[in-house]
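Dear colleague,

I am handing over the structure we spoke about, and below it you will find what came out of a look at its charged side chains. Please read the notes with the model open beside them.

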Amino acid sequence: IFGIDSKGLVNEWNETSEKITGFKKEEVLGKDLVETYITEDYRDAVKLVLDNALKGKETANYEFPLFTKDDKRVMVLLNSSTRRDSAGEIIGVLGVGQDISEIDKLRTESESVAKELRQFIETANAPIFGIDSKGLVNEWNETSEKITGFKKEEVLGKDLVETYITED
């Protein structure tokens, strides 16, 4: 959990923020959160999320990377909430983040495996086609194209049996 004032300066930094980033509370208080602790390629986007919260528009489940004190990349899932004083005036933002680095790593690995399998299907030296539960074509690899002469774009979404199988 962290907090910033209306100028974007850190005014709250809990123990878990210290643990995740390696920066002690004393080091971050009064510093510009975005300019100091957010990776350059995400600064504008994170600033927009925080600026929106300063206008009363909160954001849930925003993912962004930050770098720790020892330059380790950490993926954070952020929920931003507007902070108000007793009169209801906006005075800052409270951010609740979670370290999702392991989840992000697993997602990246899964995407890599899926891409590899997709490439395997597309280039297999055998016709591979698939249909959904209604019998409509949802897969048609390169070898299927070569053997039949029908391009993938032509067959996707068509009824396999009714369109491409002879009556007999």
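A residue is called buried here when its relative accessible area is under 20%, exposed when that area is over 50%, and partly exposed in between. Please keep in mind that this is a predicted model.

By that cut-off, glutamate 139 counts as buried, because its relative accessibility is 10%, and lysine 152, with a relative accessible area of 18%, is buried as well. These two residues form a salt bridge, in which the closest N and O atoms are 3.6 Å apart. The pair links distant parts of the chain, since lysine 152 belongs to helix 7 (residues 152-155) and glutamate 139 to strand 7 (residues 137-140), 13 residues apart. Salt bridges that share partners also bring in Arg118 and Glu122, so that Arg118, Glu122, Glu139 and Lys152 are joined into one network.

How many salt bridges does the structure hold? There are eight, and two others deserve a description beside the one above.

One of them is between the side chains of glutamate 12 and lysine 25, with an N to O distance of 3.5 Å. Because glutamate 12 lies in strand 2 (residues 10-13) and lysine 25 in helix 2 (residues 25-28), this pair ties together parts that are 13 residues apart in sequence. Glutamate 12 is partly exposed, with a relative accessible area of 27%, and lysine 25 is likewise partly exposed, with a relative accessible area of 27%.

The other is found between aspartate 51 and lysine 47, whose side chains meet at 3.1 Å, N to O. Here both residues lie in helix 4, four residues apart, which is about one turn of the helix. Aspartate 51 is partly exposed at a relative accessible area of 26%, and lysine 47 counts as partly exposed at 40% relative accessibility.

As general background, side chains of opposite charge can pair when their charged atoms come close.

Finally, there is a group of charges on the surface. Glu35, Glu40, Asp41 and Asp44 form a negative surface patch. Among them, aspartate 41 is placed in the loop between helix 3 (33-37) and helix 4 (43-54). Is aspartate 41 buried or exposed? Its relative accessibility is 63%, and therefore aspartate 41 counts as exposed.

With best regards

Note on methods:
Residues are numbered from 1 along each chain as its sequence is written. This is a predicted model: local features need pLDDT of at least 70, side-chain atom pairs count only at pLDDT 80 or more; totals for chains, interfaces and linings use all residues. Side-chain values use heavy atoms; hydrogens and water are left out. Patches are made of residues with over 30% relative accessible area and no salt bridge: like charges are joined within 9 Å, nonpolar side chains (Val, Leu, Ile, Met, Phe, Trp, Tyr) within 5 Å. Accessible areas come from the Shrake-Rupley method with a 1.4 Å probe; for residues, only the protein chains shown count as cover. A salt bridge is a side-chain nitrogen of Lys or Arg within 4 Å of a carboxyl oxygen of Asp or Glu. Lys and Arg count as positive and Asp and Glu as negative; His and the chain ends are not counted. The place of a charge is taken as NZ of Lys, CZ of Arg, CG of Asp or CD of Glu. Helices (H or I, at least four residues) and strands (E, at least two) are DSSP runs, numbered from the N terminus. Buried means under 20% relative accessible area, exposed over 50%, partly exposed in between (1.4 Å probe, protein chains only).
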